[in-house]
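Biologist: I'd like to go through this one slowly. Could you put it on screen so that I can ask how you know things?

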Amino acid sequence: FRVSAVNRFGVSRPLDSTGRWLKVLTRKPIVEAAHRVTHLTENVEYEFRVYAVNDAGIGAPSNISMPIKCAEPTEVPDAPSIVNVTDTTNTSVSLEWTRPAHDGGMEIHGYIIEMCKGSEAEWHRVNEDLCAVTRYSVTGLETGAEYKFRICAVNSVGKGEAKEMPEFAQAVDRLLAPEIDIDASFKQTHIVKSGGSVCIHIGFKGKPTPTASWTKVDGELGVMTDITTTETFTALTLENCTRNDTGKYTLTLENSSGNKSITVAVKVLDTPGVPGALSIKEVTRGALTIAWEPPTNDGGARVHHYTVEKREASRRTWTEAAPKTTQTSLRVSDLLEGVPYFFRVMAENQYGLGEAYEMPDPVIATAEPAPPKRVDIIDTTDTSATLACGRPAPKRNTILWVRENKIPCFECYYKVEGLVEGLEYQFRVYAMNSAGLSKASEASKRAVAQNPVGKYITIKK
C-alpha cells in the first residue's frame, strides 16, 4: 500500500456490502509501513485503506486498494531459469538448476527431472520421487550417448512449466586439469614454536584424480613428516618441529590433463643453527683473530651475539675464549705459545644458544716461521731442476721472481719442471705455518738447465 507522511497508522476494512469500514484492531499502534491482517473470512473479497496519525490527529484516508479475495493461491510454479551440467562420467550426468522466480504462492515440494536420448523424441521421467534440492545426478546412461534434460517444479497445485537444456550432454568421462581448492583463510606462512606441530591442509580437484607429491625447497622432508592424501585433499603434518623444519614446502598436483603447484612457508621459532666455517687471521705469539660466517638459519629471530670457546688439544674442557661479541670476528689472546688449540663458535637469539661449529683441526698461536737456511740443487735435466726445499725460480739476467708451485710442498724435495734448456736459474724457498709465510731463504747457487754429465752428487738431508 502507498502511504505518505506517517508516524503512526490506522488500517480500516469494509465490514460487508453496506460499505461500512471497520478499524483493524491491534494491541500496539502500527508504526511500520506494512501490516498483516488476520481473522478474515475465506473466499470473501476485501478492500483496504490507511490513515496516518500524529499528535495533531488523524489525516485523510489513502486511496482504496484493489479488491483482494482471502483464499489460497491456485498457480503452479514457474520453470527454473537455468539448467547446467556440472559433471559427466561414462555412465552419468550431473545437473544443477536455479529455483523458479515465482513459486505460485506456496511452497515448492520438489522437482521432476526428465530426459530424452539424442536419437529419440520421447521424454522419460528420471526420478520416481521428487528431488527436494536443486541438483541431481542421472546414472545408468549409455557410454558416449547424448542426452537432453528438462526440469520442472511441483507445488500443491501441480507441476509447473519445464526448463529444457539448450544443448545435448554426452555421457563421457570429463577431463579436468588439477585445481587447488583453498579459501581466503588459508595461511601461506605457518609459524610454530620449537617442539610444536604444523598441519598444511590443501583441497584439490581434477579428473582423473591428481597425484599429490610434497617436496621441501632446498632440502629434504624430515623423518617426523607425515603425509595424508585422499581424492579431494592432501595434508602435510610436521611433528615436534625444530629449526631444520623451517623452509618452503611445495605441493605438486598432476594428472593426464596438466599439473598445478603451490608453495607454503614454515617458520620454526628456535635457537640458531650452526655458524659458517671458521678461519684464522692475524696469528702472533699467544694471540690470533678468529672469523666466521653467520648461521644460514637464525631460528626465526635475530642473532643477538656469538660465544667463542677454546680448549687445548690435550684437554676435553671448553672455556670461554673471550667476552661475547655481536660481530663475526674476535681477537683471542692469552694463548700458550706452541700449544695447539681447538675453537668453536655458537650463535644466540631470544630462544637460546644454538649449535656450535667446531674447527676440525687445531691451531697454534705462534709467530711466522724462519726462512729456510739453504736451498740445494741436487739434480738437473734440460727442462727441470730438483731442489732440496725449493720454491720460486728467476731466470738469469732478470729481477722478477716467479712462484713455481701452486700447491704447498710438504717434503724437503721439489722438482721444478718447464725450464728452458741452456738457461741459468737460481731458486729460493719459503716456509709456511698456521701463522703465515716466512721471509724468503737465501738464493741457491746458479744452475744451468741441462742433462747431467758424469756422476751424480748425492746430498744428504
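**Strands and cores**

Modeller: Let's start with one spot: V83 sits opposite W97, a residue of β8. Keep in mind that this is a predicted model.

Biologist: How do you know that β7 and β8 pair?

Modeller: Pairing takes at least two bridges between two strands. β7 and β8 (residues 93–97) are joined by five bridges, so they count as a pair, and they run antiparallel.

Biologist: Which sheet are they in?

Modeller: An open one with three strands, in the order β7-β8-β11, paired antiparallel.

Biologist: What makes β7 and β11 edge strands?

Modeller: β7 (83–88) and β11 (135–138) each pair on one side only. From one strand to the next, the twist averages 25 degrees.

Biologist: Why is the set with L288 and I290 called a nonpolar core?

Modeller: A set like that needs buried residues of types such as Leu, Ile, Trp, Val and Phe, joined through side-chain atoms within 4.5 Å. The largest such core here has 20 residues, and L288, I290, W292, V332 and F343 have the most contacts inside it. β24 (287–291), β25 (305–312), β27 (329–332) and β28 (340–349) each give two or more residues. β28 supplies the largest share, four residues.

Biologist: What does I290 touch?

Modeller: Leaving out residues up to four places away in sequence, its contacts include L278, V308, V332, F343 and M359.

Biologist: Which residues does the second core include?

Modeller: L95, V138, I151 and A169 are among its 18 residues, and this core is separate. In soluble globular proteins, nonpolar side chains tend to be buried together.

Conventions:
Residues numbered from 1 in each chain as written. Predicted model: local features only at pLDDT ≥ 70, side-chain atom pairs only at ≥ 80, totals over all residues. Heavy atoms only, no water. Buried < 20%, exposed > 50% of the residue type's maximum accessible area, 1.4 Å probe, protein only. Contact = heavy atoms within 4.5 Å. Axes fitted to C-alpha atoms, helices over the stretch in contact; angles between N-to-C directions.
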